[in-house]
Every structure is written in C-alpha cells, then in structure tokens.
Amino acid sequence: MAGRALRFRRAISRSRLAPFAAFPYRMIKVARYDLRVFRSSVRWLVTSREHHNYTYDLTALNREHLAWFVSDVCNVPVGHVREWMAELEADDQLRKHIENTTAASARRGLADRRVRYARRAGWYAMVRALKPAHVVETGTDKGLGTCVIAAALLRNTAEGHPGRVTSLDINPEAGYLTKAEPWASVIELLIGDSVTALAALPEPVDIFLHDSDHSSGHERREFAAVEPRLAKDAIVLTDNVTKTDVLLRHAEATGRRFLAFKEQPARHWYPGDGIGAAWR
Ligand SMILES: C[S@@+](CC[C@H](N)C(=O)[O-])C[C@H]1O[C@@H](n2cnc3c(N)ncnc32)[C@H](O)[C@@H]1O
C-alpha cells in the first residue's frame, strides 16, 4: 500500500500537474509560518507599549551565535564571552535602575518595564573583551545601550582598565537612563548632530558604534567623520548591518576584516537587527 502511494507521488511529481498537486501542501507551510508571526504580533500589540527601538530576548541558539561572533571578532575564548554575557544578565543593580527609571520617566507610556538587552549583550562582551579607554556610540535614545556599555566599562575599571563612553544624540530629551551613578561617572552625553560632533571629538576612539540615523548616507558620513579619530586597532560597529552594506564597504576600503551577526528575537514579530563589525 505504502509502495503504491510512493509510486503515485513520484508519478505526480514528474507530471505537469506537479505545481497544482503541491499547492495545498505549500499553502499549509506558509500559513503555519504566517500564523506564528500573526500570533506574536497580536500578543505584542496587547502586552507591549513600545513603538520604536523594540526590545526583546534572543533565542537561546541565537545567544550562542552572538557569543561565537564576539569570540571571533575580539579573538577571545568563547567561554569568556559566555561569562561576560551572563555577568550582564546577573547585574541586578543595572536592571533595577533601568526598571525604576523607566517606570518614573515621562516616556513610561511608550516603554516596556521588563529589561531585555538582545544584541546589546554583544556590545557588553566586546567592551569586556577589548578593555577600551574610549567608546563612542551615536544614537542614545533612552540610554539602554549606553548604560550597558557603561556597566562593562565600570567592571573593566574595577579590574584596572579604566574607560568611558561618549554617547551622541540629536534629541535633547535623549538619555534619561544615563543620569544616575555609578554609570553616569563614565558617560558623557552630547546633544547635537552626530556627524558634526564626531568631527570635533578630541581623543582617539577605541570602539565606535553607529546606532543613530539609519539612512545609508548618514551612516557613511559618520564613518568618514570618525575615521581620523580612530585608534590604530579600533573596532567599528554598526547597528545597521541587516539594512545596508555601508560598513562592509568601509571595511574593504580601509583594509579591515568584516563580520555580521543577525538577531533572532524570541516570541516577537520583529525580525531583529544585528551587529556589523569591522576590525584589523
Ligand atoms: C535606534 S535609536 C538608538 C538606540 C540606542 N543606541 C539603544 O541602545 O537603545 C536612534 C537614535 O538616534 C538619534 N538620531 C537620529 N538622527 C541623529 C543624528 N543626526 N545625530 C545624532 N543622533 C541622531 C535619534 O534621536 C534616536 O534617539
């Protein structure tokens, strides 16, 4: 019986009817996928308040991909990267600060209370691995990434490797999470256009992160503006790697290597962002 069904399927697959015969099967496949996205979209519409710069957890497998990505880019054992990522998750002081400040902020109606770092755990681990003296982030928004970077810098400082982060945003209301100690002690928040501010930065930059205006033109102008300010072994990161080829082209033009990590959010409709890295 089974053999007859198999022969029938083989005959159909070779006939001109194959596309029609396969149609219901293909439709079920795509409908199952779309239903999963639809369910997580409805859940998100009801449970989240965010309207941009979404936060979410990564799948367990994706966190492993992130750990291996950081390990490759920073040339450190993956076990250390896992420990640093766990260190961030276990930082209750930072988590409580973000929860409480968000709940008290004027923008609380448009922010979720639960703290979810996603790719920012990769930024944290990179700062722990490379012990930079100066990190520059363009695009502060609430200051979630800035605080994550500051927390890594504070741990480095306690281990004898001091560093600070300059965060740039065009919005005068940006950065409400960055004002509290101990994180504020290593954060400098500059308000203004990032390209103009980058051209005026006084000291060398060890890690540069683009996360501001995500148009290709602006991203390109930021890399051009920061290039003369970069330390010899500086690493250049972008939050825009799933949308543009600007960093990979910049890497090639400046003799750097390039690698991209793509997020896989857990239980969220958003397809995720990523981290692009260019380094020598
Ligand atoms: C995606 S958010 C930054 C997210 C943040 N890095 C984080 O970790 O959550 C983008 C930010 O870039 C800022 N921005 C847009 N255009 C800018 C510009 N020309 N110069 C500086 N900041 C800009 C916006 O005001 C916004 O706060």
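Contact here means heavy atoms within 4.5 Å. With that in hand, welcome to a short tour of this predicted model. We will look at how helix α4 packs against two other helices, α3 and α6, then at the pockets and cavities, and finally at two backbone details. Among the open spaces, the largest pocket holds about 590 Å³, while a search of the whole structure also finds three cavities of 30 Å³ or more.

**Helix α3 against helix α4**

- Helix α3 covers residues 60-74, and its axis comes within 8 Å of the axis of α4, crossing it at roughly 120 degrees.
- The two helices, α3 and α4, are therefore oblique to each other.
- The crossing in which α3 passes α4 is right-handed.
- From α3, the residues R63, E64, L66, A67, W68, V70 and S71 take part in the contact, and they meet V78, V81, R82, M85 and E89 of α4.
- By class, this contact of α3 with α4 divides into seven nonpolar residues, one polar and four charged.

**Helix α4 against helix α6**

- Helix α4 (residues 78-89) also packs on helix α6 (residues 120-130), at an angle of about 120 degrees and with the axes 9 Å apart.
- That angle makes α4 oblique to α6.
- The crossing of α4 and α6 is right-handed.
- On the α4 side, V81, W84, M85, E87 and L88 are in contact, and their partners in α6 are A121, Y124, A125, R128 and A129.
- The contact of α4 with α6 has eight nonpolar residues, two charged ones and no polar ones.
- V81 and M85 of α4 appear in the contact with α3 and again in the contact with α6.

**The largest pocket**

- The space in the largest pocket comes to about 590 Å³.
- Its lining is made up of 33 residues, and those nearest the centre of the pocket are G139, D141, D211, S212 and H214.
- Two or more lining residues come from each of α6, α7 (144-158) and β2 (164-169).
- The lining of the largest pocket has 13 polar, 13 charged and seven nonpolar residues.

**The second largest pocket**

- About 290 Å³ of space lies in the second largest pocket.
- Of the 13 residues that line the second largest pocket, Y33, V37, S40, Q264 and H268 lie nearest its centre.
- By class, the lining of the second largest pocket has six nonpolar, four polar and three charged residues.

**Cavities**

- Three cavities of 30 Å³ or more turn up in a search of the whole structure.
- The largest cavity contains about 100 Å³ of space.
- Thirteen residues line the largest cavity, and I98, D112, R114, K142 and L144 are the closest to its centre.
- The lining of the largest cavity divides into six charged, five nonpolar and two polar residues.

**Backbone details to look at**

- E181 and P182 are joined by a cis peptide bond, with omega at about 5 degrees.
- P182 sits in the loop between β2 and β3 (187-191).
- K131 is not a glycine, yet K131 has a positive phi of about 50 degrees.
- K131 is found in the loop between α6 and β1 (134-138).

How values were computed: Residues are numbered from 1 along each chain as its sequence is written. This is a predicted model: local features need pLDDT of at least 70, side-chain atom pairs count only at pLDDT 80 or more; totals for chains, interfaces and linings use all residues. Side-chain values use heavy atoms; hydrogens and water are left out. Axes are lines fitted to C-alpha atoms, for helices over the stretch in contact, and angles run from 0 to 180 degrees between N-to-C directions. Helices (H or I, at least four residues) and strands (E, at least two) are DSSP runs, numbered from the N terminus. Angles under 35 degrees count as roughly parallel, over 145 as roughly antiparallel, 65 to 115 as roughly perpendicular and the rest as oblique. A crossing is left-handed if the near helix is turned anticlockwise from the far one by less than a right angle, and right-handed if clockwise. Ala, Val, Leu, Ile, Met, Phe, Trp, Tyr, Cys and Pro count as nonpolar, Asp, Glu, Lys and Arg as charged, and the others, Gly among them, as polar. On a 1 Å grid over the protein atoms alone, a cavity is a set of points where a 1.4 Å probe fits but cannot get out, and a pocket is an open set with protein on both sides within 12 Å along at least five of seven lines; lining residues have an atom within 4 Å of a point. Grid points are joined across faces, edges and corners, and a volume is the space filled by probe spheres set on the points.
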